[in-house]
Amino acid sequence: MIRFDSVSKSYPKQSRPALREVSLDIAKGEFVFLVGSSGSGKSTFLRLILREERASHGQVHVLGKDLAKLSNWKVPQMRRQLGTVFQDFRLLPNKTVAENVAFAQEVIGKPRGEIRKAVPQVLELVGLGGKEERMPGELSGGEQQRVAIARAFVNRPALLIADEPTGNLDPQTSVGIMKLLDRINRTGTTVIMATHDQQIVDQMRKRVIELEQGRLVRDQSRGVYGYQH
Amino acid sequence: MRAQFVMSEIGVGLRRNLTMTFAVIISVALSLALFGGSLLMSEQVGRMKGFWYDKANVSIYLCNKQDAQEAGEAANSGGGGAGGVATCRKGAVTDEQKKQIESELKAMSLVKSVTYESADEAYKHYQEQYGHTALASSITPDQMQESFRVKLKNPEKYKVVTSAFAGRDGIHTVDDQRQAIDDLFRILNYLNMAAVGIMAIMLIVALLLIVNTVRVSAFSRRRETGIMRLVGASSFYIQVPFIMEAAVAGLIGALFACVMLVSGQYFVIDHGVGLRDKIQLIDFMGWGSVLAKLPYVLFIGLLMPSMAAFIALRKYLKV
């Protein structure tokens, strides 16, 4: 599904590379936590998968494609198979819940009939049935994140990338979001989640990848957030 | 691609930047009106050239007794011919010289017709034209010059006649009226160039405004475009609303420019000021010429802002 072959990434005007010689494999259907302190390279790792950045050295394969060889105009096609969720939700404030989710389908040219069917279905799945016509501002943080997850999942991506999805939520709400992501994972969707939330990582007991100053320092199946010091 | 979705995006974008859109429309309208105006002007100049060149002819003025006297006096005083025409020094033109000139003119393939005007006829014409002035009453037929009036098949080539006959004995001057017309056209040409220059400046202003509008527009919709990018909307799909916005504003501007050109023809030339009736010396263009320019104006009004928007998007919209 995803393969990194000794991938390094340095940004111009920065002496220290953001990623150094990272190699790993993520198989289809896995649930992976990406942990590490701020500036450890988590965001760069995710941006490389989304092809928002290109690797300086090494190869990044996503969904069987070498991203270095993927031409620019094919990138949108590749991104349609990825779903993304962020800490700050990134909803459109002037559109209703249903419109926000439908937006993800409209802009890739899905037929209207299909959208009308898929949107209530996915809102039901994330537990927002009956809130289609609400505006994002009227919802709680947890509900807003559910809308964002619905939008990321409505096109049934093979891979869901979540960048600190619980970063703005209280522990109880976070548990609900994690249950939802787990449910999505069980449908066969690979989930990669960057997080700082120790409690969640420790509870879920999934694969943990830890980055430190751009290096891969730990890759542990059924791991916890960090070693006890 | 869903047309309805794109259309609503364009509407939202144009309304959001209403003031900027107005600025774009006005500057596009003015620059394109100048563009159409200068196209029409150069066509008008071309028409006037044909019209006047046809009417104008080359006049070969011959020396009379007075010219010979003046030339002789100037030579004797040692002034190097400052006070007279050197070719008249040998006296007034002779019948032989006249015959020679006439036959040479008739032999030239360039010449269409030659008419001879005697001094008496010249005097009569002069009195007809300027009879009421004080100067005219002091002039006598003796002071008038005999002349040949030459019409050419190709009026552009008047210089051939000038170089063949100027400086010959018995010929006072070769005067071609086209020289005067050329001066007039040169002025008209400068005016036209000034119009083109102003148009170019207006066009640059319009383009800069469009670039800025697109930048503001892209910035105010960065949330939407960011999401579109993430869910895999094609760059074409993301860019189309912005380009269409510029195209719609440009087209509205171009329509205003067309209205300006048409009402210019209507109110300044045909009716209103009514130049067509007041200046009969000028053969003004008809409606066909004006209408023929409108498609160009519309086309450029549509194309140019779209291109500007497209270029601006490369810079301000990450796709």
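Two residues are in contact here if their C-beta atoms, placed from the backbone, lie within 7 Å. Keep that in mind as you look around this model, which is a predicted one.

Let's start with two helices of chain B. Helix H2 (residues 18–55) and helix H10 (residues 235–270) have axes that come within 7 Å and cross at roughly 45°. Angles under 35 degrees would count as roughly parallel, and 65 to 115 as roughly perpendicular, so H2(B) and H10(B) are oblique to each other. Their crossing is right-handed. Who meets whom? On the H2(B) side you'll find, among others, B:Val24, B:Val28, B:Leu32 and B:Gly36, while H10(B) brings residues including B:Gly250, B:Ala254, B:Phe256 and B:Leu261. Sorted by class, this contact has 13 nonpolar, five polar and no charged residues.

Now for the cores. The largest nonpolar core has 71 residues, and A:Leu34, A:Val101, A:Val122 and A:Leu160 are among those with the most contacts inside it. Take A:Val122: leaving out residues up to four places away in sequence, A:Val122 touches A:Val101, A:Ala150, A:Phe153 and A:Val154. There is also a second, separate core of 39 residues, which includes B:Val28, B:Leu32, B:Leu209 and B:Ala254. Three of those names may ring a bell: B:Val28 and B:Leu32 in H2(B), and B:Ala254 in H10(B), also take part in the helix contact. As a rule, nonpolar side chains in soluble globular proteins tend to be buried together.

How do the chains meet? In chain A, 14 residues are in contact with 15 residues of chain B. Helix H2 (75–79) and helix H3 (97–106) of chain A each supply at least two residues of the side that touches chain B. That side of chain A has six nonpolar, four polar and four charged residues.

Finally, here are two loop residues of chain A with a positive phi, though neither is a glycine.

| Residue | Phi | Loop in chain A | C-beta neighbours within 10 Å |
|---|---|---|---|
| A:Arg156 | about 50° | between helix H5 (141–153) and strand E7 (159–163) | 13 |
| A:Glu164 | near 45° | between E7 and helix H6 (171–186) | 19 |

Buried, exposed or in between? A residue needs 20 or more such neighbours to be buried and 12 or fewer to be exposed. With 13 neighbours, A:Arg156 is therefore partly exposed, and A:Glu164, with 19, is partly exposed too.

Back in chain B, B:Ser42 lies in helix H2 and counts as partly exposed because it has 16 C-beta neighbours inside 10 Å. The C-alpha atoms of B:Ser42 and B:Gly288 are separated by 15 Å, with the two residues 246 apart along the chain.

Notes:
Residues numbered from 1 in each chain as written. Chains lettered and ligands numbered in written order. Predicted model: local features only at pLDDT ≥ 70, side-chain atom pairs only at ≥ 80, totals over all residues. Core = buried A, V, L, I, M, F, W, Y, C linked by C-beta atoms within 7 Å. Axes fitted to C-alpha atoms, helices over the stretch in contact; angles between N-to-C directions. Helix = DSSP H or I, 4+ residues; strand = E, 2+ residues; numbered from the N terminus. Parallel < 35°, antiparallel > 145°, perpendicular 65-115°, else oblique. Left-handed = near helix turned anticlockwise from the far one by under 90°. Nonpolar A, V, L, I, M, F, W, Y, C, P; charged D, E, K, R; others polar.
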